[in-house]
Amino acid sequence: MDKLNRDQMAARVARDIPEGAYVNLGIGLPTLVANHLPKDREIFLHSENGLLGMGPAPAAGEEDYDLINAGKQPVTLLPGGAYFHHADSFAMMRGGHLDICVLGAFQVSATGDLANWHTGGDAIPAVGGAMDLAIGAKKTYVMMEHLTKSGESKIVAHCSYPLTGIACVSRIYTDLAVIDVTADGLRVVEIFNGLPFDELQRLTGVPLLKEST
């Protein structure tokens, strides 16, 4: 099975972010999206630790560890970018000022419930700002691998992990497909690398609706 790699997934998400959007990229996999945003689009990246106008990752040797994202990774700041207080940053998130957030996930349910946090030893730092982002952004996109390491679907009928948000996910990007969460169910938008719909359905934990033609 020919899956997208992480950079290909990030590039696919980046393609759907429109001109002028204010966007938060979650810790982990979603941070890669910053490296693939189209150069001809003005997109404003927000980080909950107090940045707006964040750029791509710096070149090797040019890291400034006073300039980091919420995952403690070094980033760059574009011309016109700004720093501000953590409380102001969360006011932006909770006040509906972000157009899109892109979050990783352990599970997404058929109705768009999101489970993306845990309290294990490597938690950074447990739920963080994900609850605020999931319900505060106008659209929540999830970017994750389709299957767990043991081959189970991360798209499920009901989440078994603690919930981050209820019915908050608009679109799911995996290494196999792009899937919209709709009132009618999970609708396939795109399948990658010629994977048959029936095989995608077999690998997925819940019924899927075929993409529109």
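**Note on a predicted protein chain**

1. The mean positions of the 16 positive and 25 negative charges of the protein chain lie 5 Å apart, where Lys and Arg count as positive and Asp and Glu as negative, with His and the chain ends not counted, and where the place of a charge is NZ of Lys, CZ of Arg, CG of Asp or CD of Glu.

2. This is a predicted model, in which local features need pLDDT of at least 70 and side-chain atom pairs count only at pLDDT 80 or more, while totals for chains, interfaces and linings use all residues. Residues are numbered from 1 along each chain as its sequence is written, and side-chain values use heavy atoms, with hydrogens and water left out.

3. The secondary structure of the chain comes to four helices and 13 strands, which are DSSP runs (H or I, at least four residues, for helices; E, at least two, for strands) numbered from the N terminus.

4. Buried residues, meaning those under 20% relative accessible area with a 1.4 Å probe and protein chains only, make up 47% of the 213 residues.

5. The largest nonpolar core (buried Ala, Val, Leu, Ile, Met, Phe, Trp, Tyr and Cys residues joined through side-chain atoms within 4.5 Å) has 31 residues, of which V108, L114, V169, I172, I179, L186 and L200 touch the most other members. Among the elements that give two or more residues to this core are helix 2 (86-94), strand 11 (177-182) and strand 12 (185-191). Apart from this core lies another, of 26 residues, including L4, I43, V178 and F192.

Definitions and conventions: Buried means under 20% relative accessible area, exposed over 50%, partly exposed in between (1.4 Å probe, protein chains only).
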